[in-house]
Amino acid sequence: MRASWLIAILVLIAAIWPVATFSGYHLFQLTMVVVYAIAILGLAILTGINGQISLGHGAFYAIGAYTTAILMASWDVPYWVTLPVSAVVCAGVGFLVGLPALRLGGLYLALTTFALAVAIPQVLKHKAFETWTGGVQGLVIDKPEAPFDLPLTSDQWLYLFSLFVGVIMYALAVNLTQGRIGRAMRAVRDHAVAAEAMGINLAMLKTRTFAVSAMYTGVAGSLGAIAVAFVAPDSFSVFLSITFFVGLVAGGAASIGGTIIGAIFIEFVPNLADKVSKAAPGAVYGVILIVMMFLMPKGAGGFVADMWRKLVKAGGR
Amino acid sequence: MPAESDQPLLRITGVKMRFGGVVALGGVSFDVAHSQIRGLIGPNGSGKTTLFNCISGIYRFMEGDILFEGKSLANVPRHEMANVGLGRTFQNVALFRPLSVRDNILVGAHHMAKSGFIANALRLPGVRREDAAAQVRLDDLLDLLDLRSVQDIPAGSLPFGTQKRVEMARALIGAPKLLLLDEPAAGLNHSEVDELAELILQVRDHFKISVLLVEHHMSLVMRVSDKVVALEFGLKIADGTPDEVRAEPEVIRAYLGDSNTEAVH
């Protein structure tokens with residue numbers, strides 16, 4: 001327990017340090033790491049911990065992003081106020097999407113959520129909503145400035161703000177998944193019939209878990225929209241959902257800490273692949289992914305946990 | 001037996017169950033008294049497991065009724081069974097394999113706490129109180145079932161006999177009034193069955209609960225049960241003390257075959 005606190009503090013220090021030293025663009029990349037980490041955390045709660053597969057979390061990310069963008073562009077709502085609104089909206093949508101999940105197990109649920117991800121860009125482009133969504137063009141929103149005349153650039157402030165939101169979201173997720181509810185989530189994943197016999201209401205637990213998961217990914221979408229200062233339907237294609245899924249598996253599906261590594265992976269590895277080969281970055285990306293899965297079959301989170309255990313054992317001797 | 005038992009803990013009256021045209025249970029009736037170990041025996045296909053699933057809500061019986069403390073279980077949802085006072089184990093164990101022994105057992109206490117998602121995420125004081133209460137019961141069971149040394153180990157990696165004890169602990173932490181055991185001796189060797197017999201008696205005496213033991217293993221049932229009921233083809237063929245049931249010609253015929261036909265056993 002104490003060791004995990006120490007790690008948390010070290011991670012936090014390492015996370016704040018770039019503010020002073022990194023350039024604007026690199027800070028923006030780190031902001032996106034935080035954003036993706038929160039999005040993947042939502043997926044980890046659903047898929048890794050509760051065992052419900054979603055291939056459509058990009059849809060919730062899009063809904064969160066658009067909620068924030070519409071509120072800011074149409075009603076001049078301050079950016080930070082849009083986050084709780086987006087959380088409520090996405091939790092509601094997630095709850096509704098979670099209802100068919102009760103009847104559709106495993107792979108069928110994956111397909112249902114996939115269908116949602118396929119549909120969302122077209123819904124956002126649809127004429128009926130054009131007044132709010134801006135149609136194909138999307139919406140441009142203002143990048144927030146640092147408040148209280150703090151001597152920070154917009155990028156620096158945005159990074160710190162995202163980090164602040166991220167720390168809160170992670171702390172809540174750790175509490176949730178380590179207590180009674182988290183145990184119930186895992187129990188349902190591992191043996192639903194036995195979990196039910198222990199008094200767990202499967203329908204209630206699964207739909208609420210879906211809502212929480214969608215809320216996390218939705219808030220990430222909101223933060224992402226603020227960071228990019230722009231939303232457009234084509235940024236939320238099916239590929240985004242798959243990317244989140246890749247991040248989840250690369251990080252280690254049931255590992256909370258692993259989601260951060262997963263986020264670093266999906267933010268930087270495509271760039272890295274691009275540097276290695278301008279002609280075939282997709283192929284390089286694929287090779288890196290396969291090598292990583294081969295070396296760390298339990299994902300990066302599982303790998304680090306195993307290494308840590310070995311280290312503690314060696315230290316204990 | 002406690003004084004309150006003018007009403008049995010569990011009363012099964014005329015329960016019928018059909019699958020398509022096959023009659024699995026043709027009207028079975030018997031009682032389980034307070035603090036009683038009740039054996040339920042019968043050859044394969046006799047309806048033991050069907051009846052077990054009717055009691056635990058996996059199947060919904062078609063006729064008759066199952067009363068627990070006088071109240072019908074007919075429409076109780078499965079996830080409410082633990083709250084009503086029914087604990088159970090599974091044939092061939094159904095543990096949450098990657099979870100530690102401790103977490104497995106604590107899941108059994110799920111229904112005793114009420115804290116929801118938000119309270120848990122914020123770790124409100126009520127959540128900590130609930131955790132502390134569950135921890136006390138957990139400690140008791142770790143000692144009683146000799147699981148303390150393995151409490152941090154993933155349940156799926158333990159030997160089968162130990163897994164059975166974990167499952168028993170998981171059922172017991174929820175403070176059931178009736179413990180349903182579905183073929184607990186399946187897959188155990190001779191000495192493990194002896195330990196199991198000891199354990200069942202110990203559990204009954206320690207927690208003052210009733211046990212319904214559905215079992216193939218005749219010697220185990222006869223050794224620990226206060227009363228035994230025997231089924232064949234969905235009908236009750238004997239009901240009484242182990243000695244009475246053992247002496248019943250119908251039971252001997254059902255288990256050993258008719259002396260006129262060529263008995264396989």
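Where in chain A is the place of A:Ala194? You'll find A:Ala194 in helix 10 of chain A, which covers residues 192-197. Keep in mind as you look around that this is a predicted model. A:Ala194 counts as buried, because 23 other C-beta atoms lie within 10 Å and the cut-off for buried is 20 or more. Which residues does A:Ala194 contact, once its neighbours within four places in sequence are left aside? They are B:Phe90 and B:Ala94, so A:Ala194 takes us straight to chain B.

Let's step back and look at how the two chains meet. On the chain B side, 30 residues are in contact with 24 residues of chain A. Several elements of chain B give two or more residues to this side: helix 2 (81-84), helix 3 (101-107), helix 4 (117-121) and helix 5 (125-144). If you sort the residues on the chain B side by class, you get 14 nonpolar, nine polar and seven charged.

Now for the inside of chain A. Two packed helices are described by the angle between their axes and the distance between the axes. Try that on helix 3 (residues 24-49) and helix 8 (residues 154-178) of chain A: the angle is about 20 degrees, and the axes are 9 Å apart. Why do we call helix 3 of chain A roughly parallel to helix 8 of chain A? Because angles under 35 degrees count as roughly parallel, that label fits this pair. The crossing of helix 3 of chain A past helix 8 of chain A is left-handed. To see the contact itself, pick out residues of helix 3 of chain A, including A:Leu27, A:Phe28, A:Val34 and A:Ile38. Over on helix 8 of chain A, the residues they meet include A:Leu158, A:Tyr159, A:Gly166 and A:Met169. By class, the residues of this helix contact come out as 16 nonpolar, six polar and one charged.

While you're in chain A, have a look at A:Asp76. This residue sits in the loop between helix 4 (57-75) and helix 5 (79-101) of chain A. Most residues other than glycine have a negative phi, and most peptide bonds are trans. A:Asp76 isn't a glycine, yet its phi is positive, at about 55 degrees. Is A:Asp76 buried or exposed? It is exposed, because just 8 other C-beta atoms are within 10 Å and 12 or fewer is the cut-off.

Over in chain B, strands take centre stage. Strands of a sheet pair through backbone hydrogen bonds, either parallel or antiparallel. Start with strand 1 (residues 10-19) and strand 2 (residues 22-32) of chain B, an antiparallel pair with eight bridges. Along this pair, B:Leu10 stands opposite B:Val32, and B:Lys16 has B:Gly26 as its bridge partner. The hairpin made by these two strands has two residues between them, and there B:Gly20 takes a positive phi near 60 degrees. Strand 1 of chain B also runs antiparallel to strand 4 (residues 63-68) of chain B, joined by five bridges. One of the partnerships here links B:Thr13 to B:Asp65.

Chain B also has an open sheet of six strands with mixed pairing, in the order 6-7-8-3-9-10. Strand 6 (86-88) and strand 10 (235-240) of chain B are at the edges; each has a single partner strand, so one side of each is left without a neighbour in the sheet. Ignoring direction, neighbouring strands of this sheet are turned by 20 degrees against each other on average. Within the sheet order you can spot strand 3 next to strand 9. Strand 3 (residues 37-41) and strand 9 (residues 227-232) of chain B run parallel and are joined by four bridges, with B:Gly39 partnered by B:Val228.

Finally, follow strand 7 (178-182) of chain B into the loop that leads to helix 7 (190-207), where you'll meet B:Leu188. B:Glu183 lies in that loop between strand 7 and helix 7 of chain B too. B:Glu183 has a positive phi near 45 degrees, though it is a residue other than glycine. With 19 other C-beta atoms within 10 Å, B:Glu183 is partly exposed. B:Leu188 also counts as partly exposed, with 17 C-beta neighbours inside 10 Å. Not counting residues up to four places away in sequence, B:Leu188 touches B:Gly161, B:Val193 and B:Leu196.

Key:
Residues are numbered from 1 along each chain as its sequence is written. Chains are lettered from A and ligands numbered from 1 in the order in which they are written. This is a predicted model: local features need pLDDT of at least 70, side-chain atom pairs count only at pLDDT 80 or more; totals for chains, interfaces and linings use all residues. Two residues are in contact if their C-beta atoms, placed from the backbone, lie within 7 Å. Ala, Val, Leu, Ile, Met, Phe, Trp, Tyr, Cys and Pro count as nonpolar, Asp, Glu, Lys and Arg as charged, and the others, Gly among them, as polar. Axes are lines fitted to C-alpha atoms, for helices over the stretch in contact, and angles run from 0 to 180 degrees between N-to-C directions. Angles under 35 degrees count as roughly parallel, over 145 as roughly antiparallel, 65 to 115 as roughly perpendicular and the rest as oblique. A crossing is left-handed if the near helix is turned anticlockwise from the far one by less than a right angle, and right-handed if clockwise. Two strands pair if DSSP finds at least two bridges between them.
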